[in-house]
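Biologist: I would like to go through this model slowly, one question at a time, with the reasoning spelled out for someone new to protein structures.

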Amino acid sequence: MSYLHWFVLVLALTMVAVLGVLFGVTWIESYQARQLATQEPYAPATSGIPSVAVVYFSRSGNTALAARHLVKRLDAHLVALEVPAYELGLMGLTHALKDANVLKSQPQALPDTVPRTLDLSPYETVWLGSPVWLYSPAPPIWAFVENNRFDGQHVVLFNTYNSHFGDEHIAAFKAKVLAKGARSFEHRSVLRGRMLQQISPGDMLQVVDEQWFVDPVAP
């Protein structure tokens, strides 16, 4: 077999392996989303006008579950950010991987979120939730910060993630939030684990309760 034939064979096998991984991840994400969609339903704030807002983006539902849990604990107002380009499925996953880190230095290229802007002035504390993609909060939460202000507010970034996040990305996010008027910033996170070794939703919420609320964020 010639060198060219070997090259084509190796290339074909590599492409099959990559597609296999992408399809596998897509299936796992869709399965997780179905399992998580009905867990831990949240109760809308009941104590008049809430002083806390929880704004989040989620693909497979883990960050959404953490956000709903926060709403129950904090009696907060919940806002989900939608970005059609990153919906579940192979194309959404491909876009997510492609955009994970390249857009933050190009604010004009960040994806549009629905909603794009919010009147956050009624709130004293704003929680911003996102998964971690390639060590950084996902582009939609960067886009939300780019298009909104947090004048005089305490902002808490919260992330769910599979393996690692980069401290430099969190520092850059903090700097952007403070530049948008926030008076203070915190970061809270929960490690779910690798795709086939993730902790259960119940265990994830237990981590949230035990680690995020040891020193509760004051509204």
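Biologist: Does Ser189 count as buried or exposed?

Modeller: Keep in mind that this is a predicted model. Ser189 is found in strand E6, which covers residues 184-191. A residue is called buried when its relative accessible area is under 20%, and because Ser189 has a relative accessibility of 18%, it counts as buried.

Biologist: Which residues does Ser189 touch, not counting residues up to four places away in sequence?

Modeller: Ser189 belongs to strand E6, and its sequence neighbours up to four places away are set aside here. The residues that Ser189 then touches are Asn159, Tyr161, Phe165, Gln211 and Trp212.

Biologist: How is strand E5 placed, enclosed by the rest of the structure or not, and why?

Modeller: On one side of E5, His154, Val156, Phe158 and Thr160 are all buried, and on the other side Val155, Leu157, Asn159 and Tyr161 are buried as well, so that both faces are covered. Since eight of the eight residues of strand E5, residues 154-161, are buried, the strand is largely enclosed by the rest of the structure.

Biologist: In what sense do E5 and E6 pair, parallel or antiparallel?

Modeller: One pair of residues that shows the link is Val156 with its bridge partner in E6, Glu186. Over eight bridges, the sense in which E5 and E6 pair is parallel.

Biologist: Which residue of E5 is the bridge partner of Val126?

Modeller: Strand E3, residues 125-133, pairs with E5 in the parallel sense over seven bridges. Within this pairing of strands, the partner of Val126 in E5 is Val155.

Biologist: What is the handedness of the β-α-β unit that contains helix H5, right-handed or left-handed?

Modeller: The unit is made of E5, helix H5 with residues 167-179, and E6. Its two strands, E5 and E6, pair with each other over eight bridges, and the handedness of the unit they make with H5 is right-handed.

Biologist: How do helices H4 and H5 lie, roughly parallel or roughly perpendicular?

Modeller: In the contact between them, Ile141, Trp142, Val145 and Glu146 of H4 meet His169, Ala172, Phe173, Lys176 and Val177 of H5. The crossing of the two helices is left-handed. H4, residues 139-146, packs against H5 at an angle of about 20°, with the axes 10 Å apart. Because angles under 35 degrees count in this way, the arrangement of H4 and H5 is roughly parallel.

Note on methods
Residues numbered from 1 in each chain as written. Predicted model: local features only at pLDDT ≥ 70, side-chain atom pairs only at ≥ 80, totals over all residues. Heavy atoms only, no water. Helix = DSSP H or I, 4+ residues; strand = E, 2+ residues; numbered from the N terminus. Buried < 20%, exposed > 50% of the residue type's maximum accessible area, 1.4 Å probe, protein only. Contact = heavy atoms within 4.5 Å. Pairing = 2+ DSSP bridges. Right-handed = clockwise from strand over helix to strand, strands pointing away. Axes fitted to C-alpha atoms, helices over the stretch in contact; angles between N-to-C directions. Parallel < 35°, antiparallel > 145°, perpendicular 65-115°, else oblique. Left-handed = near helix turned anticlockwise from the far one by under 90°.
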